Structures are given as C-alpha cells and as structure tokens.
Amino acid sequence: MAAPFSGQGKHQRKITVIQVLEQLEADDSDFGPELDSDSDSDELFQPHESDGSESSAQDSDSSNDSSSDEDVPFAETASPQMEPNRAAKTYSWRKKGFELPDVNFQGEQVESYQDATTDTPLVYFRRFVSLDMLENIVEHTNQYSVQKHGKCVKEIEQVLGMYFRMGLVQMSGVRQYWESEVRYGPVADVMSRNRFNLLLSVIHFVDNEMASEEVKKDRLWKLRPFLDSFRRQCLTITPRQKQSIDEMMVPYKGKCGCIRQYIKGKPHPWGFKVWTRCCVTGLLHDFDIYQGKGGGNEQKGKSQLGVGGDIVVKLCESLAEKVHFLIFADNFFTSMPLIEKLLAKGIYYTGTVRKNRMSKCNLITDEDLSKKGCGSYDYRIESNTNTVCLK
C-alpha cells in the first residue's frame, strides 16, 4: 500500500475527509466501546438538522455535540467543569436624565473620627488581638515546645511587642538589634537573641497532631484559628457607610511558595495578597487571604460575576442589607452583573470599569472627546438599574 502522506512520486493519492473518518471509525479505541458511534452510516453531523428517531439517552450523551451555536469557543465546550454557554444579558443604555436614588445611610451611626477619643497603643491592639487569642497561641506553642524540647514558654506577648518595635526601627537583619555597634535597647533589653530565636522556632497557632486531612486541604490551616479570631475582631468594629474593596500586599520573601505571590509594579511585589474591605478611616473591617489557584477559598466552577465580582460579594456578606452602604472599587472588580447583585441587597457601587465589560454602551470616542476640550464628558444611563456610565 502506498504511503498517502509521502512527498515522493508524481501521483499522490488524495484522501477525502470522509475516508479519514472511516479510518478513525475502524481503528480500535483505548477508551472502550462507549465512545463508538451508534450509527453505521458515515454522515457528517449537521448542527441545524435533528433526527426525530434518536432516543432521549442518545440526546443526553451527546449534549455537547447537539448545540446549534457553532461559534462557541472550544475552551468552553472542551472543559467538563465549566457551565454551559449562556447568552449574555443585554442592557439598555440611553442618554437621559439621571434619577438620584435615596442613599441616606440607615445603619448604625458612628461618631466622627475627628471627635473620637484616641486610644492608647495597648487598647488599640486589644481591639484586634484579644487576650483569648494570645492564650490560644501560648497553649499551642507550649504543646509544640514540649513535644520538641520538653520545655514551656511564656513570653509570647513580648515576642509580638518586639516585632512591632522592629517594624518601627528597621534594620537589615534580626541579629543587628543585638549587635554592640547598632544595638537597639527596646528590642535587645527584653530578652536575649538566642531566647528570641528559640521562641520563633516553636510558636504555633494550632495543634498539628489533631489536624485531619480534610483540615489540611486549607493552605492556611496552621494559621486558620488565629485568622478566624482576628477577622471576628475586625467585624466587631461598626462599619461606616463608605467602604472600599481592594487588594493589599503583605511584604514577605520567605519560604511559603504555596500562597506567596509576585505582582509586578507593586511597591512590594513579593508577599501575601489579601482581599480587604476598609472604611474611610483606614480601619480593616473584613478580609480574605488569597491562596492561589486551587486554594481553599477559590470559587468552585465558573461564575457569571468573575473572580473580582465574587470577592466583592463575599466581603459584603458581613454588611447589613437595605441600609445603603456605598462600595468603591477599581476596574478589576466592576461589572454590570455585580452592580445588579449588590443593588438587590440595597448596596450601591461606584468604580472604574473596563471597556469590554460595558456591552452596547456606545459612548463618544476618545478622539472626539479630546476635541471638545478639557472638562468634557459623555454618559449613558442603564434603563433598568439606573446605573450611570460616565466617560
């Protein structure tokens, strides 16, 4: 038999698509008989024609092939974990008068930060790190210390205080705080360097021996009890009406590759990425640490809101509904489905937006807008949600 794909010879055998399909049908498959065709004919699939004689079982087995939409991207049809392709919701954008909604805050009023009394550093610290949290750290640290060295420790609170001092007076290395030439008393006078290093080697927030395999699926399981307690303390602070949601980098270059991130262009590109919700005073009200792709806090399946929208919804779950909170965020989070979902909870949203997320919102072009001079603008209003898109 002549090799049909050889480049030699003047007369090359031509093979049609039908013949290729016949060869594939005749070949033995490694996946078993369930992938074989139910029909003996070699007719090509016609997406706009259906055979009424097909059984319902065949329809369910070939649901991906029976779609009448030929323009569906392959990535959406090939992945079994994604939701079926849905038609995007259309919005009606008009240039008309804007009806200002009632945004008067109906939640608990907080005294102005200008009139608030200033707490001492210790009182402020206790608002976020309670004595119960510290006792929990001491308990689990002693458990690990006895398992490792057979000794107990007591100076956990002093270690935290020393770290705060190190944050105020930064040096190139921890050892330098005890060096004679650059010795820093508020740190070096608390305890010796060897004692400090020993405490760092045994500090623990959870009992390792009691953790199950299910618990260990969380990449932050060794810190989870402390993080949950710290989040509860943040939620006790009465939120103000205006809240901002964004990402925050906690600088870190140590060994923790599973959740450590690198974001180019940030002041601190290496570290832990935390999604946060803060108020105008800068106080942290809610947060969620990003654990990377496949982490424990990642949204399962495909969401219509996207990653950014899911983050906003999650951080707003701790806010009271129908009291007119105002959320501000950047274009990573903004989308029309997110705005609709928040409006249903009585939460108003303001943020920058990417062009590809404003379907059929025909604003003036950049070139025409620049010709109108400085201060010119264009806008459209969505009829159903009373949402303003301003350029």
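User: What makes up the area that the chain exposes?
Analyst: In this predicted model, the chain exposes about 27,200 Å², and carbon and sulfur atoms supply 51% of that area. As for the residues themselves, buried ones make up 28% of the 391 residues in the chain.

User: Why is Tyr377 called exposed or buried?
Analyst: The word exposed is used for a relative accessible area over 50%, and Tyr377 has 54%, so Tyr377 is called exposed. Tyr377 lies in the loop between α12 (366-371) and β8 (379-382).

User: Which residues form a nonpolar patch on the surface together with Tyr377?
Analyst: The patch is formed by Tyr377 with Phe98, Leu100, Val388 and Leu390, and together these residues have about 570 Å² of accessible area.

User: How do you know that the span of helix α6 agrees with what its number of residues suggests?
Analyst: Helix α6 runs over residues 156-168, and at 1.5 Å a residue its 13 residues should span 18 Å; because the C-alpha atoms at its ends are 19 Å apart, the two values agree.

User: Why are the buried residues of α6 said to be on the same side of the helix?
Analyst: The buried residues in α6 are Ile156, Val159, Met162 and Met166. They cover an arc of only 115 degrees around the axis, and therefore they are placed on the same side of α6. In general, an α-helix has 3.6 residues a turn, so residues three or four places apart point the same way.

User: What do the buried residues of α6 pack against, and which residues are exposed on the other side?
Analyst: The buried residues of α6 pack against α5 (131-148), α7 (185-188) and α8 (193-202), whereas Phe164 and Leu168 are exposed on the other side of α6.

How values were computed. Residues numbered from 1 in each chain as written. Predicted model: local features only at pLDDT ≥ 70, side-chain atom pairs only at ≥ 80, totals over all residues. Heavy atoms only, no water. Helix = DSSP H or I, 4+ residues; strand = E, 2+ residues; numbered from the N terminus. Expected span 1.5 Å × (residues − 1). Buried < 20%, exposed > 50% of the residue type's maximum accessible area, 1.4 Å probe, protein only. Arc of directions from axis to C-beta. Contact = heavy atoms within 4.5 Å. Areas by Shrake-Rupley, 256 points an atom, 1.4 Å probe, with all protein chains shown as cover. Patch = residues over 30% accessible without salt bridge, like charges linked within 9 Å, V, L, I, M, F, W, Y side chains within 5 Å. Salt bridge = Lys/Arg side-chain N within 4 Å of Asp/Glu carboxyl O.
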